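Reader: I'm new to this and would love a close look at a single part of this protein. Could you walk me through the sheet and what lies against it?

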Amino acid sequence: MTKPLANRIALVTGASRGIGFATAKALAKAGAHIVATARTQGGLEELDDEIQKNGGSATLVPLNLTDSDGIARLGAGLHERYGKLDILVGNAGVLGPSSPVGHIELKTFNDVMAVNVSANFQLIRCMEPLLKQSDAGRAVFITSGAANKATAYVSPYAASKAALETLARAWAQETANTALRVNLFNPGPIRTRMRATLMPGEDPATLETPEQVAEFIVALCTPDWTETGKFYDYKTRALMSFRSPA
């Protein structure tokens, strides 16, 4: 049976748990070689074990994404080893504080922006040349409904995801005439550690799992996917276009 992502290289950030872990597994199952990054070595090793069980392969890269030089070195390493990158899944993110805007320290705000926005900016800078070497480069960034709802008490997170969406959309426009496709994916409420932190009283059994979400993310990573600059809303299973406020 032919695997749709055979011979493709996929970089997944935040791959040690949750949606990143599940997406890396699903991409590997579809045939891709996974380059998995996360801060947690143990979580990456668990991922590698799971991928190998299913006959796949992975390269583990322990990396804090606030290390912009580390991202640059990763890009250089991928260029030297593979000469291309086919898939980028920008999943890594932090929730930050749950507090009124005026109670949040500047450093805390900046820490959230560093992971959720600046790290993805650096990934785009360093991985774009490699993605353009692919015959069907695909980039998917994980966003949140908090971005457009401007959710109260999680303002750094909401602002960072809004900034990420604009960054990705601008990049999609810049690369619209190339083979690269850039899209955003909103998983909605999913059974993850981040969700449990935000909603501690919620029954996780009422939520869908990262594994269910991952199958839809994989679809956006295939060569058959042709849309760019769009927003996929998992809860409604709808592909949406952005538009100016009424």
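Author: Here is a walk through the sheet, one edge and two helices. This is a predicted model, where local features need pLDDT of at least 70 and side-chain atom pairs count only at pLDDT 80 or more, while totals for chains, interfaces and linings use all residues. Residues are numbered from 1 along each chain as its sequence is written, and side-chain values use heavy atoms, with hydrogens and water left out.

Okay, the sheet: it's open, with 8 strands in the order β3-β2-β1-β4-β5-β6-β7-β8 and mixed pairing. Strands here are DSSP runs of E with at least two residues, helices are runs of H or I with at least four, and both are numbered from the N terminus. Two strands pair if DSSP finds at least two bridges between them. β3 and β8 (238-240) each have a single partner strand, so one side of each has no neighbour in the sheet. From one strand to the next, the twist averages 20 degrees.

Now zoom in on the β3 edge. Ala58 belongs to this strand, which covers residues 58-62. Setting aside neighbours within four places in sequence, Ala58 is in contact (heavy atoms within 4.5 Å) with His33, Ile34, Asp48 and Ile51. Helix α2 (residues 41-53) lies across β2 (33-38) and β3, at about 175 degrees to β3. For such angles, axes are lines fitted to C-alpha atoms, for helices over the stretch in contact, and values run from 0 to 180 degrees between N-to-C directions.

Elsewhere in the sheet, β5 (residues 138-142) and β6 (residues 181-186) pair in the parallel sense over 5 bridges, and Ala139 stands opposite Val182 in β6. Helix α8 (residues 210-220) lies across β5, β6 and β7 (231-233), at about 165 degrees to β6.
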